[in-house]
Amino acid sequence: MSGPAVASDEDLPRWVSEKRAAPVYARPVSDSFGVTARDGTARAGILRTAHGDVRTPAFMPVGTKATVKSVAPDELHALGAEIVLGNAYHLHFRPGEELVAELGGLHRFMGWDGAILTDSGGFQVFSLRDTLLAVDDDGVTFRSVYDGTPERFTPELSARVQERLGSDVAMCLDICPPAGVPQPELEEAVRRTTVWAERQRDLPRAPGQLRFAITQGGLDGELRQRSSEALVELDFDGYAIGGLSVGEHRRPMFDATTEAAGFLPEDKPRYFMGIGDPEGVLEVVERGVDMFDCVLPTRTARTGSALTSEGRLNLRNARFAADARPLEDGCSCPACSRFSRAYIRHLVNQQEILGLRLLSLHNLRFLLDLVAAARQAIERGEFLTWKDEALRRAKGADE
Ligand SMILES: [Zn+2]
């Protein structure tokens, strides 16, 4: 026990030494999800990962390039985040998964010891339509957004990138068409997403890594059912509802979410990809979604706006020039505990980076608090009443 290698491993935090274990090739974590409370179709639960438990419903701040823009990991913890999202596409090109692996994996690289979910890269490849070159059953060829060179993603490469990054939840590479594509294209996306999921099912994983499949089908109920049944048959650790929030109207999107969630097993986590506005989050939670991610809190911050329980505040507005109140009464974020709207408005108008940082911290806190309150409302069995009241307040003062 006293050899130098062991001694140096013992000096490291447990989450680092765990990452040094060899890759595993079988289902690593059993009972990785449990529902703890139900209220209608809404549910609260716990996702157990190699880097700690995540209480659901869970909002995942987006750290595409291994950073939640301008927010440090200790700040994320203090805000209440338990899981963040990283992206296989971007990290594959910059700085490269082998470099990250060499430096101890993504957790160590970015200094975050909580859970990480990595997106497969499918959304980036298929949403940047003008960089797409060819799709076939084997994979997809596209031009890299970094330097325009032709690159190829296959299910095997995406799984390999995520295994090397060492994320806690890896997503299957899927085909995510934008809203309104012709029916044959939607059908083909469902078929290929299934073929690819089959190939990814048993590929090597990082220690303890969970793997989620992504259902497709857009707003088409029959296709969504076909996609869901095929993927559920393959028995993944969790399922994402993909191909929504891609430009369609909100009401049909929520209806499709109700339908899509109904095709998924009760005992596995459900992840709605790409929703983060307060109304959208509460609507999908009501429909039985457990996890979601969105850049909205940090992107909104960079436009100079704050999310509050009474709607969005545009801090550039002159009416805040002498406003001594915090962004949100009762908020305990670093912005609200020390600074006035007037001061933050001044920072935003002078393009001082502290202004954007304070707004990012506040907006993340607002959304994490909102989701925590939703979870508590589910546990009390009062979700619908609580939600209606929250949305009524938010609409009252929206600009
Ligand atoms: Zn605040």
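Donors here are N, O and S atoms within 2.8 Å of the metal. Keep that cut-off in mind, because it decides which atoms count around the zinc ion in this predicted model. Along the chain, the zinc donors follow the spacing C-x1-C-x2-C-x25-H.

Put residue numbers on that pattern and you get C331, C333 and C336, each binding through SG, plus H362 through ND1. These protein donors lie 2.1 to 2.3 Å from the zinc ion.

What about the geometry? The angles among the four donor atoms run from 101 to 116°. Four donors count as tetrahedral if all angles lie between 85 and 135 degrees, so the site of the zinc ion is tetrahedral. For reference, the ideal angle for four tetrahedral donors is 109.5 degrees.

Now look at how two of the cysteines sit. Buried means under 20% relative accessible area. C333 is buried because its relative accessible area is 0%, and C336 counts as buried too because its relative accessibility is 10%.

Over to another part of the chain, where there's a sheet to look at. Three strands make up this open sheet, in the order β1-β2-β3, with antiparallel pairing. β1 (33-39) and β3 (52-56) are the edge strands, each pairing on one side only. On average, neighbouring strands of this sheet are turned by 15° against each other, with direction ignored.

In general, strands of a sheet pair through backbone hydrogen bonds. Here, β1 pairs with β2 (residues 42-49) in the antiparallel sense, over six bridges. If you want a spot to zoom in on, try R38, which stands opposite R43 in β2.

Methods
Residues are numbered from 1 along each chain as its sequence is written. This is a predicted model: local features need pLDDT of at least 70, side-chain atom pairs count only at pLDDT 80 or more; totals for chains, interfaces and linings use all residues. Side-chain values use heavy atoms; hydrogens and water are left out. Donors are N, O and S atoms within 2.8 Å of the metal (3.2 Å for Na, K and Ca); water is not among the atoms, so sites may look incomplete. Four donors count as tetrahedral if all angles lie between 85 and 135 degrees; four count as square planar and six as octahedral if opposite donors are over 155 degrees apart and all others between 65 and 115; anything else is irregular. Buried means under 20% relative accessible area, exposed over 50%, partly exposed in between (1.4 Å probe, protein chains only). Two strands pair if DSSP finds at least two bridges between them. Helices (H or I, at least four residues) and strands (E, at least two) are DSSP runs, numbered from the N terminus. Axes are lines fitted to C-alpha atoms, for helices over the stretch in contact, and angles run from 0 to 180 degrees between N-to-C directions.
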